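This report describes one protein chain for a reader at the bench, moving from its surface to its sheets and its charged pairs. The sequence and the structure are shown first.

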Amino acid sequence: MKTIEQFMAVFKAMPVSKKISMTVVLGLVVAGFAFMFLWANQIDYQVLYSNLSQEDAGNIVSKLKEQRIPYKLEGGGSLIMVPAEKVYETRLALAGDRLPSGGNVGFEIFDQTSFSTTEFVQRLNYQRALQGELCRTIGEFREVEHARVLIVMPKDSLFVEDTKPPSASVLLKLRSSLSPDKVAGIVHIVASAVEGLTPEQVTVVDTTGRVLFKGPDQKDQTALLSSNKLDYQRQIEGKIAGRVQTMMEDIVGKGKAIVRVSAEVDFDQIDFSEEKYDPDSTVVRSKQRRVESSEKGGENALGVVSVDPGQPGVPSQQAGTRTRSEKEDEVINYEINRVTRRVIKPSGTVKRLSVAAVVDGTYEVVTAEDGSKTKKYTPRSPTELEEFERLVKRAMGFDADREDQIHVSCFPLSISADIEAPETTGTDWQAYGRQYIRPAINLLLVLLIFLFLVRPLLRSVKGIVTTVDSSPKALPESESHETLESARLPEPRARQARDVQEKTVMVAKSNADKSQQVIKGWLQEAE
């Protein structure tokens with residue numbers, strides 16, 4: 001309270017101009033500190049989800065209100081922002097509630113089932129869930145903003161000839177163009193997720209009406225295959241070129257080697273079957289032998305009854321005869337030597353490689369007589385080039401049977417030998433800046449306010465207090481100067497002042513002339 005009363009007394013004793021300036025300075029100081037406090041403590045909102053449907057945005061906002069998490073809506077309600085420190089935590093919490101759903105119903109539709117649900121409704125729910133899950137999966141592509149999948153499931157038939165295959169249509173809302181291989185990936189994702197669906201029965205279009213893939217048209221498949229073949233060829237060339245170039249740069253220096261690779265790839269797939277017979281080489285496969293024997297007649301056999309022409313009417317009897325026969329058969333089956341071979345040659349084999357490598361020479365700094373320095377280029381020797389060629393052959397997998405070609409040359413490159421790329425320390429200054437920029441600005445703001453506002457204000461107040469203390473106050477005439485001094489000063493200082501005053505009076509009385517001269521000198525100096 002005493003300090004406030006003293007300040008109010010000082011403020012009342014100040015001139016009007018200083019009162020106005022002091023009020024303005026105090027207002028600026030308060031406004032500066034208020035701005036600094038609000039700016040330093042404002043909430044840093046970051047994007048939680050963007051490109052949301054109205055249904056997802058409404059569900060997410062309801063969950064945020066339940067959890068009492070501050071949020072901001074932008075982009076017409078399609079973008080939701082939350083405090084930066086709660087972004088990942090909120091995403092995990094919403095993911096547990098299966099939000100956002102992308103505006104589509106997935107397999108969570110079966111979380112709540114009823115015993116009264118008919119088979120038709122179950123099939124319809126399964127189709128809806130499958131379409132929703134496919135939409136969510138396709139939406140994971142960076143180029144796809146929104147996706148819709150429609151699946152046609154034909155009725156089951158008892159007859160095979162009446163069975164119809166399923167079909168699917170995919171509608172894409174794109175942020176940027178899709179490459180052919182990604183379109184093929186979407187087609188195969190849909191075809192693999194539906195039982196009995198083939199890629200030929202899938203159609204993909206975008207919201208502009210452009211057909212990205214149409215199954216029955218063989219041109220699309222040919223274009224996709226051609227694109228895949230070209231990508232495969234580029235991968236082979238890039239892999240070999242990178243392997244050779246990194247090895248060369250480690251030897252001659254960074255940026256002092258150029259390697260280019262051209263690969264000839266055979267994409268034909270050959271299924272070769274071969275069957276050979278060798279007539280000169282035979283093997284007994286089976287052998288069969290059969291022997292038959294038979295015997296006719298004997299001793300007890302009766303002879304032929306006949307009439308003797310010499311004695312008519314008298315029978316005669318001849319001795320019996322015996323007959324024996326044998327039959328032998330032999331069958332031998334031989335197997336001819338046969339060789340059966342089936343060879344399947346895979347597609348994508350490298351038929352030929354052509355590698356061209358250029359290396360820089362060496363540089364020598366030459367100082368002229370006038371002190372100027374120049375660089376002298378020295379090409380690589382033939383021995384070095386031969387050694388480089390052998391290294392490149394090893395690195396690329398050189399095969400003479402494929403008639404691979406390689407050529408290594410030496411030419412001066414545009415990069416000088418004495419100019420080296422600055423080494424990167426690996427420090428992420430941007431991350432440090434984002435982390436410490438706010439405290440640094442706060443500190444700078446406090447320093448500026450102290451230097452340009454607080455410090456001048458303190459000096460002004462101190463000067464005013466000193467001026468008021470040094471000016472004599474009007475006292476009643478009945479009070480003497482000694483009483484005034486003793487009232488203004490504390491007791492020890494008042495006693496000391498009285499002692500000094502008595503000594504001064506005594507000196508002045510004892511030497512009046514000299515005291516008079518001193519006073520005149522003071523008056524002249526004052527004038």
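Is L448 buried, partly exposed or exposed? In this predicted model, L448 is partly exposed, because its relative accessible area is 38%, and partly exposed stands for values between 20% and 50%.

## A nonpolar patch on the surface

L448 has its place in helix 9, which covers residues 429–470. Together with L444, L447, F450, L451 and F452, L448 forms a nonpolar patch on the surface, and these residues have about 580 Å² of accessible area together.

## The open sheet of 3 strands and its helices

Turning to the sheets, the model contains an open sheet of 3 strands in the order 1-3-2, with antiparallel pairing. Strand 1 (45–49) and strand 2 (72–74) stand at the edges, and because each has a single partner strand, one side of each is left without a neighbour in the sheet. Neighbouring strands of this sheet are turned against each other by 40 degrees on average, with direction ignored. Strands of a sheet pair through backbone hydrogen bonds, either parallel or antiparallel. Between strand 1 and strand 3 (residues 79–83) the pairing is antiparallel and runs over 4 bridges, and within it Q46 stands opposite V82 of strand 3.

Two helices lie across strands of this group. Helix 3 (residues 54–67) lies across strand 1, strand 2 and strand 3, and runs at about 20 degrees to strand 3. Helix 4 (residues 87–96) lies across strand 1 and strand 3, running at about 20 degrees to strand 1.

The loop between helix 2 (16–40) and strand 1 holds Q42, a residue that counts as partly exposed because its relative accessibility is 46%. Although Q42 and P83 are 41 residues apart along the chain, their C-alpha atoms are separated by 10.0 Å.

## Strands 4, 5 and 6

Strand 5 (residues 167–174) takes part in two pairings described here. With strand 4 (residues 144–152), strand 5 runs antiparallel and is joined by 8 bridges, and A147 stands opposite L172 of strand 5. With strand 6 (residues 202–206), by contrast, strand 5 runs parallel and is joined by 5 bridges; here A168 has V202 of strand 6 as its bridge partner.

## Charged pairs

How many salt bridges does the count come to? The count comes to 15 salt bridges, and the table gives three of them with the distance between nitrogen and oxygen.

| Basic residue | Acidic residue | N to O distance |
|---|---|---|
| R210 | D206 | 3.4 Å |
| K351 | E264 | 3.8 Å |
| R402 | D404 | 2.7 Å |

In the salt bridge between K351 and E264, what parts of the chain are brought together? K351 lies in strand 13 (residues 349–359) and E264 in strand 8 (residues 257–266), so the pair ties together parts that are 87 residues apart in sequence. K351 counts as partly exposed at 42% relative accessibility, and E264 is likewise partly exposed, with a relative accessible area of 37%.

The pair of R210 and D206 joins residues of unlike exposure: R210 is partly exposed, because its relative accessible area is 44%, whereas D206 is buried, because its relative accessible area is 7%. For the pair of R402 and D404, R402 is partly exposed with a relative accessible area of 22%, while D404 is buried with a relative accessible area of 8%. Beyond these pairs, R142, E143 and K182 are joined into one network by salt bridges that share partners.

## E249 in helix 7

A further charged residue, E249, is found in helix 7 (residues 218–252). E249 counts as buried because its relative accessibility is 14%, a value under the 20% below which a residue is called buried. Leaving aside neighbours within four places in sequence, E249 is in contact with K254, G255 and A257.

Note on methods
Residues are numbered from 1 along each chain as its sequence is written. This is a predicted model: local features need pLDDT of at least 70, side-chain atom pairs count only at pLDDT 80 or more; totals for chains, interfaces and linings use all residues. Side-chain values use heavy atoms; hydrogens and water are left out. Patches are made of residues with over 30% relative accessible area and no salt bridge: like charges are joined within 9 Å, nonpolar side chains (Val, Leu, Ile, Met, Phe, Trp, Tyr) within 5 Å. Accessible areas come from the Shrake-Rupley method with a 1.4 Å probe; for residues, only the protein chains shown count as cover. A salt bridge is a side-chain nitrogen of Lys or Arg within 4 Å of a carboxyl oxygen of Asp or Glu. Buried means under 20% relative accessible area, exposed over 50%, partly exposed in between (1.4 Å probe, protein chains only). Two strands pair if DSSP finds at least two bridges between them. Axes are lines fitted to C-alpha atoms, for helices over the stretch in contact, and angles run from 0 to 180 degrees between N-to-C directions. Contact means heavy atoms within 4.5 Å.
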